[in-house]
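Me: Please take a close look at the nonpolar core of this model and at the charged pairs that go with it. I would like one connected account, with the cut-offs stated.

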Amino acid sequence: MATNLKGRTGQGCTVTLGAAGFNACVRSITLPNWTQEKIDITCIEDKGYAKYIPGDLTDPGECTVTMLWAPNDDVGDDAADATPGDIIVGAKDTLTITFPTYATENGGGGGGSLSGSGFISSLDLPDLSVNQLLEYSFTFCFDGFDGPVWTAGSAGE
C-alpha cells in the first residue's frame, strides 16, 4: 500500500535534556543538518569538472531550541520552567526530540524520536524590546559518541 502523507506541523513535539531536568515552553526546534566533507581528487590534467570523493565521517550536526523566557516567571509553576541556570554551556547531556502521533486526517503515524549525546554549545538570551515576546534559545551540538539516532514511529497511511 502506498503512503499518501498529508501536511503536518511540529505541534506536539517535545524536547528533553537528560541531565538538565529541562522543561520549558518550546516555541521552535531546528533539526540538525548532517554534512559530509568532500575530498578533492582532481588531477592537473583533468578537464571539465573537479572530481571528488566523500570524506570518511559525517558531521552529526546541531539542534537549536527556542523557548519562552521564564527566569522569574509568575505564571504557573516556576519550579517547572527552564531558566538559563538550568542550561549549562559545555555540559555533557543527552537531547531527545519526540515527534507527535498525527491524527488520521493528517495521514496518521508518527511518534518517532531523535536522540543523541552532546553538549550545549551556545545559549542565546533574548532581545529586550517593546511589543516583542521574550524568547531565548540554546544550540545543542551532537558529539557523535552516542547517536544521533532516529527511532522510527509508525508510518501512517
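Reply: What follows describes the core, then the salt bridges.

This is a predicted model, in which local features need pLDDT of at least 70 and side-chain atom pairs count only at pLDDT 80 or more, while totals for chains, interfaces and linings use all residues. Residues are numbered from 1 along each chain as its sequence is written, and side-chain values use heavy atoms, with hydrogens and water left out.

The protein has 9 strands and 0 helices, where strands are DSSP runs of E with at least two residues, helices are runs of H or I with at least four, and both are numbered from the N terminus. Of its 157 residues, 27% are buried, that is, under 20% relative accessible area, whereas exposed means over 50% and partly exposed lies in between (1.4 Å probe, protein chains only).

The largest nonpolar core has 16 residues, among which L17, F22, M67, I87, L95, F138 and F140 touch the most other members; such a core is a set of buried Ala, Val, Leu, Ile, Met, Phe, Trp, Tyr and Cys residues joined through side-chain atoms within 4.5 Å. At least two residues of this core come from each of strand 1 (14-17), strand 5 (62-68), strand 6, strand 7 (113-124) and strand 8, and strand 8 gives the most, with 4 residues. In soluble globular proteins, nonpolar side chains tend to be buried together.

M67 shows the surroundings of one core member: apart from neighbours within four places in sequence, M67 is in contact (heavy atoms within 4.5 Å) with F22, A24, C25, V26, R27, I87, L134, E135, Y136, S137 and F138.

Two residues on that list, R27 and E135, also form a salt bridge, with their closest N and O atoms 2.6 Å apart; the term requires a side-chain nitrogen of Lys or Arg within 4 Å of a carboxyl oxygen of Asp or Glu. Because E135 belongs to strand 8 (residues 135-142) and R27 to strand 2 (residues 26-30), the pair ties together parts that are 108 residues apart in sequence. E135 is partly exposed, at 27% relative accessibility.

The whole structure holds 3 salt bridges. One of them joins K92 and D143 at 2.6 Å, N to O; since K92 lies in strand 6 (residues 92-98) and D143 in the loop between strand 8 and strand 9 (149-151), this pair ties together parts 51 residues apart in sequence. K92 counts as exposed, at 54% relative accessibility. Another links K51 with D46, the closest N and O atoms being 3.8 Å apart, where K51 is partly exposed at 35% and D46 is partly exposed at 26%.
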